[in-house]
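Here are a few friendly notes to read alongside the model. I have kept them as numbered points so you can check each one against the coordinates.

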Amino acid sequence: MEVYGLSGKSGTGKSHNASKLCRELGIEGLIDDGLFIRGTEIVAGKSAKKENTKLGAVRCAIFNEEEHRSSVARAIKESGLDKLLVLGTSDDMVRLICEKLELDPPVRIVKIEEITTAAQRKIARKSRDEGGIHVIPVPTLQVKKQFSGYFIDARKGFKRHLGTEMIPDEFERSVVRPTYSYLGDFVISDRAIGDIVHCVADGMTGIDEILWVSSDNSSEGMFVRIILLLKFGCKVRQLAEALQSKVYDAVSSMTAFNVLGVDIEVRGLRD
């Protein structure tokens, strides 16, 4: 297996540009912040961005825990990959990760300065310093459960076509705010969830009144419970299922939470 490295200081855009570099070098897998990623799938590991402290994040990123290290090393060996990219904040960190994971020394270490401009690195640094923003180079669905409530967003790459039109590139990234961010925790009240539910329900024929809305948060995501009255003569099951689906989509898109389920209880019918 040929091992490549991508090194650069924290907040200079390594994770944001990793997918593009992999595509250019024909690399299918990468190691980033404790994760082994193949294509658009997290194969093994845990994200350093979920650690409670920055020190814990560093330890996770360099595979300091034996169980974490061995599981990722085993997954890499079983993957059958020809090439692998290892991300680190310095050349020494890239080499240390290679050593920890029982990989050959990198045949080449690419500096972030080689693939980005000073202006791009300045923007990345500003996003990190002012917004606490971190990027994971996989689709949002891959990390939403693990990062529920931490400002998840999908960021697709874009390239310019014919000098004018912007068209999507083929790789997708997820934007998260780590647990150890100085910005603190993100919480959302039942009232806010209730407002979303009422907005959705107002546009649906057959719903008479929303009696009660509650939400339960866990580290993996949110459950929403709705109690309501429907109008006599409506198709109860179809209407309840439609509301369930619309609330799921609305809460998922309007908040940073992974919605685990929407429970609906119909208390009765009104003329």
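Which are the buried residues of helix 9?

1. They are L239, A240, L243, V247, A250, V251 and S252. Please keep in mind that this is a predicted model. Helix 9 covers residues 236-254, 19 residues in total. From its first C-alpha to its last it reaches 27 Å, close to the 27 Å expected at 1.5 Å a residue.

2. What do those buried residues pack against? Their partners are helix 8 (190-202), strand 10 (207-217), strand 11 (222-231) and strand 12 (259-270). Helix 9 lies across the three strands 10, 11 and 12, and it runs at about 145° to strand 12. Helix 8 lies across strand 10 and strand 11, and its angle to strand 10 is about 145°.

3. Now to the sheet under these helices. Its 3 strands form an open sheet with mixed pairing, in the order 10-11-12. Strand 10 and strand 12 stand at the edges with a single partner strand each, so one side of each has no neighbour in the sheet. From one strand to the next, the twist averages 15°.

4. The mixed pairing can be followed strand by strand. Strand 10 pairs with strand 11 in the antiparallel sense over 9 bridges, whereas strand 11 and strand 12 are parallel, with 10 bridges. If you would like residues to click on, W212 stands opposite I227 in strand 11, and E209 has L229 of strand 11 as its bridge partner. On the strand 12 side, I226 is bridged to I264.

5. Is strand 11 largely enclosed or largely open? Of its 10 residues, 7 are buried, so strand 11 is largely enclosed by the rest of the structure.

6. Please look next at the other sheet I would point out. This is an open sheet of 6 strands in the order 4-3-2-5-1-6, again with mixed pairing. Strand 4 (41-45) and strand 6 (108-111) are at the edges; each has a single partner strand, so one side of each is left without a neighbour in the sheet. The twist here averages 25° from one strand to the next.

7. At the strand 4 edge, strand 3 (residues 35-38) is joined to strand 4 by 4 bridges, and the two run antiparallel. A handy marker is R38, which stands opposite E41 in strand 4.

8. Two helices lie across this sheet. Helix 1 (residues 14-25) lies across strand 1 (2-7), strand 2 (29-32), strand 5 (83-88) and strand 6, at about 160° to strand 5. Helix 4 (residues 91-100) lies across strands 1, 2, 5 and 6 as well, and runs at about 130° to strand 5.

9. S19 is a good residue to centre on in helix 1. With a relative accessible area of 14%, S19 is buried, because that value falls under the 20% cut-off. S19 and L30 are 11 residues apart in sequence, and their C-alpha atoms are 8.7 Å apart in space.

10. A118, in helix 6 (residues 118-131), makes a useful contrast. Its relative accessibility of 54% makes A118 exposed, because the cut-off for that class is over 50%. A118 and T12 are 106 residues apart along the chain, while 9.4 Å separates their C-alpha atoms.

11. How many disulfides does a search of the whole structure find? The search finds 0. As for individual cysteines, C98 is buried at 1% relative accessibility, whereas C199 is exposed, with a relative accessible area of 57%. By position, C98 falls within the range of helix 4 (residues 91-100), and C199 within that of helix 8 (190-202).

12. Finally, some totals for the protein chain. Its secondary structure comes to 9 helices and 12 strands, and buried residues make up 47% of its 271 residues. Among contacts with a separation of 6 or more, 68% are between residues 24 or more positions apart. The accessible surface comes to about 14500 Å², with 49% of it belonging to carbon and sulfur atoms.

Definitions and conventions:
Residues numbered from 1 in each chain as written. Predicted model: local features only at pLDDT ≥ 70, side-chain atom pairs only at ≥ 80, totals over all residues. Heavy atoms only, no water. Pairing = 2+ DSSP bridges. Axes fitted to C-alpha atoms, helices over the stretch in contact; angles between N-to-C directions. Contact = heavy atoms within 4.5 Å. Buried < 20%, exposed > 50% of the residue type's maximum accessible area, 1.4 Å probe, protein only. Expected span 1.5 Å × (residues − 1). Areas by Shrake-Rupley, 256 points an atom, 1.4 Å probe, with all protein chains shown as cover. Disulfide = S-S within 2.5 Å.
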